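Student: I have just been handed a protein structure and would love some help finding my way around. Could we go through it together, one question at a time?

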Amino acid sequence: DNAILAEDKHKPMYKDMVDTFGDKVEYVPGGATLNAIKVAQWLSGVPNATTFFGCINKDEFGKIMENKAREAGVNTKFQYTDKEPTGTCAVIVTEKYRSMCANLAAANCFTEEHLETPENWKLVEKAQYYYIAGFPLTVSPSTVIRIAKHAQASGKVFTMNLSAPFLCQFFKEPMLKTLPYVDILFGNETEAETFAKENNFGTTNIAEIALKIAELPKEDNKPRTVVITQGSNPTVVAKDGKTTEYPVIPIADKDIIDTNGAGDAFVGGFLAQLIQGKPVEECVKCGNYAANLIIQRSGCTYPETPDYK
């Protein structure tokens with residue numbers, strides 16, 4: 001149930017999976033940030049309400065990714081590279097737990113230069129809300145900081161995700177540099193516990209950890225909101241010195257196909273309400289709706305129209 005980056009020793013597994021499982025292998029366009037944005041876009045019902053930046057190759061997987069994101073109504077502005085193939089992530093589902101091994105490949109080639117293109121920076125300026133998973137901290141932390149600083153200077157909302165335990169461990173420095181600009185931080189219980197351990201919080205209590213993260217220094221006087229999901233246990237939200245717990249929608253084990261993309265879907269649901277100015281409880285409610293729906297399907301996929309009420 002972890003997420004890691006592929007080292008050379010892991011790279012043969014992609015071909016091995018295809019050779020071993022053949023047509024049982026499913027191909028789902030993903031990526032943590034894009035998953036969340038696609039779900040937010042789907043729930044918003046407004047075409048091109050969202051824009052996504054990332055780096056791909058113009059190869060077969062790159063074309064699928066671009067087409068699927070556009071079909072989802074997302075305005076994609078990809079940076080292209082021919083140095084590496086489009087990134088892939090092997091997802092192995094054991095019972096209902098997902099284990100991910102990401103070969104970043106082209107995604108590793110994303111550079112801050114992409115923001116220099118006038119039409120791209122115009123989109124950054126036009127946006128009112130920003131969401132970046134923790135993963136780009138491994139590739140282009142300067143891009144993350146630049147967008148975060150723009151959001152803060154313009155009085156907009158910048159949101160981020162802890163995304164994986166290894167990021168809290170090995171990319172602690174860029175993460176802590178970005179946090180002063182983060183208005184809403186998402187994560188799950190394992191990531192929160194790792195963050196707490198790495199930063200010597202001296203507690204494993206999720207509510208206490210969420211509060212401590214919320215109270216870390218911030219560049220402006222807007223309070224930071226920290227949202228920690230805990231699988232089937234209640235979602236913890238820390239803000240203004242207090243924590244609130246929101247129960248998730250109950251689901252029978254037999255109805256769970258896989259948990260791949262559940263955290264991303266939660267963020268997408270949360271953001272879909274946030275951009276409409278809804279209160280935190282409504283954002284969490286929609287996040288739980290989206291996560292509950294996604295775990296009953298393979299990968300981060302959803303039906304044609306939402307039935308969220």
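What follows is a conversation about this predicted model.

Student: Let's begin with the open sheet of three strands; in what order do the strands come?
Tutor: The pairing in this open sheet is mixed. Its edge strands are β1 (3-5) and β4 (88-94), each of which pairs on one side only. That leaves β5 in the middle, and the order is β1-β5-β4.

Student: By how many degrees are neighbouring strands of this sheet turned against each other on average?
Tutor: Here the direction of the strands is ignored. Taken that way, the average turn between neighbours in this sheet is 15°.

Student: Over how many bridges do β4 and β5 pair?
Tutor: Strand β5 covers residues 97-103, and its pairing with β4 is antiparallel. One pair of bridge partners is Thr88 and Asn103, the latter in β5. The number of bridges between the two strands is seven.

Student: Which helix lies across β4 and β5?
Tutor: Look for the helix at residues 12-21. Its direction makes an angle of about 55° with β4. This is helix α1.

Student: Which residue in β5 forms a salt bridge with Asp1?
Tutor: The closest approach to look for is 3.9 Å, N to O, between the two side chains. Asp1 lies in the segment before β1 and its partner in strand β5, so the pair ties together parts that are 97 residues apart in sequence. Asp1 is exposed at 55% relative accessible area, whereas the partner is buried at 14%. That partner is Arg98.

Student: Is Asn260 buried or exposed?
Tutor: Asn260 sits in the loop between β11 (242-246) and α11 (262-274). Beyond residues up to four places away in sequence, Asn260 touches Val91, Arg98, Met100, Ile294, Gly299 and Cys300. Its relative accessibility is 14%, and the cut-off for this class is under 20%. Asn260 therefore counts as buried.

Student: Now for the hairpins; which residue in the turn between β9 and β10 has a positive phi?
Tutor: Strands β9 (residues 225-230) and β10 (residues 233-239) pair in the antiparallel sense over four bridges. Gln230 has Asn233 in β10 as its bridge partner. Two residues separate the strands of this hairpin, and the one with a phi of about 60° is Gly231.

Student: And which residue in the turn between β10 and β11 has a positive phi?
Tutor: β10 and β11 run antiparallel and are joined by five bridges. Val236 stands opposite Glu245 in β11. This hairpin also has two residues between its strands. The turn residue with a positive phi of about 55° is Asp240.

Student: How many residues apart in sequence are the parts that Glu116 and Arg146 tie together?
Tutor: Their side chains meet in a salt bridge of 2.9 Å, N to O. Glu116 belongs to helix α4 (residues 113-116) and Arg146 to helix α6 (residues 141-153). The separation of these parts is therefore 30 residues.

Student: Which residue forms a salt bridge with Lys222?
Tutor: Lys222 lies in the loop between α10 (206-214) and β9, and its partner in the loop between α8 (172-178) and β8 (184-188), so the salt bridge ties together parts that are 39 residues apart in sequence. Lys222 is partly exposed at 29% relative accessible area, whereas the partner is buried at 7%. Both belong to a network of salt bridges that also includes Lys218 and Asp220. With the closest N and O atoms 3.4 Å apart, the partner is Asp183.

Student: What domain does the UniProt annotation give for residues 15-303?
Tutor: This span is 41% helix and 20% strand, and its end C-alpha atoms lie 30 Å apart. The label comes from an unreviewed UniProt entry, where the domain is called "Carbohydrate kinase PfkB".

Student: With which side chain does the side chain of Asp264 make a polar contact?
Tutor: Asp264, which the unreviewed UniProt entry annotates as "active site", lies in helix α11. At 15% relative accessibility, Asp264 counts as buried. Leaving aside neighbours within four places in sequence, Asp264 is in contact with Ala32, Asn35 and Ala36. The polar contact, at 3.0 Å, is with the side chain of Asn35.

Notes:
Residues numbered from 1 in each chain as written. Predicted model: local features only at pLDDT ≥ 70, side-chain atom pairs only at ≥ 80, totals over all residues. Heavy atoms only, no water. Pairing = 2+ DSSP bridges. Axes fitted to C-alpha atoms, helices over the stretch in contact; angles between N-to-C directions. Contact = heavy atoms within 4.5 Å. UniProt positions renumbered as here; feature names shortened; annotations may be inferred. Buried < 20%, exposed > 50% of the residue type's maximum accessible area, 1.4 Å probe, protein only. Salt bridge = Lys/Arg side-chain N within 4 Å of Asp/Glu carboxyl O. Polar contact = N/O pair within 3.5 Å; in protein donor to acceptor, adjacent residues only side chain to side chain.
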